[in-house]
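Trainee: I should like to understand how the descriptive terms for this structure are justified. May we go through them one by one?

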Amino acid sequence: MSYNPDIHHRRSIRLRGYDYSQAGVYFVTLCTHNRECLFGEIANGAMQLNAAGKIVADEWLKIAQIRDEIELDEWAVMPNHLHGIMVLTDTVGAKNFSLLQNGTSKTIGSIVRGFKIGVTKWMR
């Protein structure tokens, strides 16, 4: 299917001009491509993770293990998406510029991008 701007568009809900590297609490939702149910199924009212769902859960937990500036709050893997609450502590941003010297961005976007890369690597 070729790109059609009438149907292939996403409306960003990000706030224009907002600094997503500043300390705060962020609620994120990540969906699978075409909302395919890849991570398991709901059985008897509970989520049953399959192998892919377990990879997603493991990679989500790894975020806080490898990034000092992130604390994870409540989160849930669902059949075709993940919901999670991330807390960026005040160890990021301009006042702590030395943390940025290793070349990795400390924004919510870069953290989510790294998570998605990790999941994709293991899924392949």
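Mentor: Let us begin with the word contact, which means heavy atoms within 4.5 Å. Leaving aside neighbours within four places in sequence, Ile63 is in contact with Ile70, Met86, Ile111 and Phe115. Please keep in mind that the model is predicted.

Trainee: Where does Ile63 lie, and why is Ile63 called buried?

Mentor: Ile63 lies in helix α1, residues 51–66. Its relative accessible area is 5%, and buried means under 20%, so Ile63 is buried. As for distance, Ile63 and Val112 are 49 residues apart in sequence and 9.0 Å apart in space, C-alpha to C-alpha.

Trainee: How many aromatic pairs does the structure hold, and what makes the pair of Tyr18 and Tyr20 edge-to-face?

Mentor: The structure holds 3 aromatic pairs. For Tyr18 and Tyr20, the ring centres are 4.7 Å apart and the planes make 70°. Rings pair if their centres lie within 6.5 Å, and planes over 60 degrees apart count as edge-to-face; the pair of Tyr18 and Tyr20 is therefore edge-to-face.

Trainee: What makes the pair of Tyr20 and Tyr26 tilted?

Mentor: Here the separation is 6.0 Å centre to centre, with 45° between the planes. Planes under 30 degrees apart would count as stacked and those over 60 as edge-to-face, while the rest are tilted; the pair of Tyr20 and Tyr26 is therefore tilted. Tyr18, Tyr20 and Tyr26 form one aromatic cluster.

Trainee: Which of the terms buried, exposed and partly exposed applies to Tyr18, to Tyr20 and to Tyr26?

Mentor: Partly exposed covers the range between under 20% for buried and over 50% for exposed. Tyr18, with 32%, is partly exposed, and Tyr20, at 21%, also counts as partly exposed. Tyr26 has a value of 9%, so Tyr26 counts as buried.

Trainee: What stands opposite Tyr26, and how do you know that β1 and β5 pair?

Mentor: Tyr26 stands opposite Met86 in β5. Two strands pair if at least two bridges are found between them; β1 and strand β5, residues 81–88, have 8 bridges, in the antiparallel sense, so the two strands pair.

Trainee: What is the order of the strands in the open sheet, and why are β1 and β4 said to stand at the edges?

Mentor: The order is β1-β5-β4, with antiparallel pairing. β1 and β4 (70–77) each have a single partner strand, so one side of each is left without a neighbour in the sheet. The twist averages 15° from one strand to the next.

Trainee: Which strands do α1 and α2 touch?

Mentor: Helix α1 packs on the sheet and touches β1, β4 and β5, its direction making about 165° with that of β4. Helix α2, residues 108–123, also touches β1, β4 and β5 as it packs on the sheet, and its direction makes about 135° with that of β5.

Trainee: How do you know that β2 and β3 pair, and what is notable about Asn44?

Mentor: Between antiparallel strands β2 (residues 40–43) and β3 (residues 46–49) there are 4 bridges, against a requirement of at least two, so β2 and β3 pair. Ile42 stands opposite Met47 in β3. In the loop between β2 and β3, Asn44 has a positive phi of about 55° although it is not a glycine.

Trainee: Why is Asn44 called exposed?

Mentor: Asn44 has a relative accessibility of 85%, and exposed means over 50%, so Asn44 counts as exposed.

Conventions
Residues numbered from 1 in each chain as written. Predicted model: local features only at pLDDT ≥ 70, side-chain atom pairs only at ≥ 80, totals over all residues. Heavy atoms only, no water. Buried < 20%, exposed > 50% of the residue type's maximum accessible area, 1.4 Å probe, protein only. Axes fitted to C-alpha atoms, helices over the stretch in contact; angles between N-to-C directions.
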